[in-house]
Amino acid sequence: FAAFDREAGALVASPLGRGLQLPSWRGYGEADVLEVLDAVRETYHTDRERQALIGGSQGGFGSFRMAGLYPDLWNLINVECPVANEASSSNPQGHVQPSLVPFTVDVLIPSLINLPLLMGSGTLDPLAPITMNQRLRDAAFAAGLDARYTEYLFGSHCFDLANAAYPYTN
């Protein structure tokens, strides 16, 4: 799906991560993102120097994963209330019992060194706990990323309301 957002002056493509099931954003889900990107580039002749990757919740995980694996495809990453892991059939060390070793995006954060990173998290998020998002924030800062992090006081998962309704704490 692709649509032009007149207010933002941008073309917005929303891959659905076909076949999206655990392990997330791999296989068909990963191929879906890359194929949609190629189709949008070919159809609309987009500027490769102005490609942002944006996602929230599991899409935030997917955005971290795709940007970490393919950092040269993007010029910015924006993740809102990202979950940091998945139940996975493999990890960087090889195949292990899925229920015991989730794939985390932490290992990919240093790959984002040349990408501006925007992160937002709600302090009362039950699905992507603030401590998890603070860990990702701290890893981004420790890796020397160009990162901006915002916490929305009393914000729930992906903030529930318009972001402007929450005073940010950082």
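Let's start with strands E9 and E10. E9 and strand E10, residues 147–152, pair in the parallel sense over six bridges. To place that pairing in the chain, take Met119: it stands opposite Tyr149 in E10. Keep in mind that this is a predicted model.

Now, how do we get from E9 to E10? Helix H3, residues 130–142, belongs to the connection. E9, H3 and E10 make a β-α-β unit, and the unit is right-handed.

E9 has a second neighbour to look at. Strand E4, residues 76–80, pairs with E9 over four bridges, in the parallel sense. Here Ile77 stands opposite Leu117 in E9.

Stay with Ile77 for a moment. Leu53 stands opposite Ile77 in E4. That takes us to the next pairing: E3 and E4, parallel, over five bridges.

Put the pairs together. What is the order of the strands in the open sheet? It runs E3-E4-E9-E10, four strands, with parallel pairing. Strand E3, residues 52–56, and E10 stand at the edges. Each has a single partner strand, so one side of each is left without a neighbour in the sheet. From one strand to the next, the twist averages 10 degrees. As a reminder for the bench, strands of a sheet pair through backbone hydrogen bonds, either parallel or antiparallel.

Back to E9. Is this strand enclosed or open to the outside? Five of the six residues of E9 are buried, so the strand is largely enclosed by the rest of the structure.

One residue in E9 deserves a closer look. Ser121 sits in this strand, which spans residues 117–122. Its relative accessibility is 1%, and the cut-off for buried is under 20%, so Ser121 counts as buried. What does the Ser121 side chain contact? The partner is the side chain of Asn133, through a polar contact of 2.8 Å.

Last item: two helices, H1 and H2. H1 covers residues 28–44, and H2 covers residues 58–69. Two packed helices are described by the angle between their axes and the distance between the axes. For H1 and H2, the axes come within 12 Å. They cross at roughly 70 degrees. H1 and H2 are therefore roughly perpendicular to each other. And the hand of the crossing? For H1 and H2, it is right-handed.

To recap on the sheet: the order is E3-E4-E9-E10, with E3 and E10 at the edges. Ser121 is buried, and its side chain is in polar contact with that of Asn133.

Conventions
Residues are numbered from 1 along each chain as its sequence is written. This is a predicted model: local features need pLDDT of at least 70, side-chain atom pairs count only at pLDDT 80 or more; totals for chains, interfaces and linings use all residues. Side-chain values use heavy atoms; hydrogens and water are left out. Buried means under 20% relative accessible area, exposed over 50%, partly exposed in between (1.4 Å probe, protein chains only). A polar contact is a pair of N or O atoms within 3.5 Å; within protein, one must be able to donate a hydrogen and the other to accept it, and residues adjacent in sequence count only if both atoms are side-chain atoms. Two strands pair if DSSP finds at least two bridges between them. A crossover is right-handed if, with the strands pointing away from the viewer, the path from the first strand over the helix to the second runs clockwise. Axes are lines fitted to C-alpha atoms, for helices over the stretch in contact, and angles run from 0 to 180 degrees between N-to-C directions. Angles under 35 degrees count as roughly parallel, over 145 as roughly antiparallel, 65 to 115 as roughly perpendicular and the rest as oblique. A crossing is left-handed if the near helix is turned anticlockwise from the far one by less than a right angle, and right-handed if clockwise.
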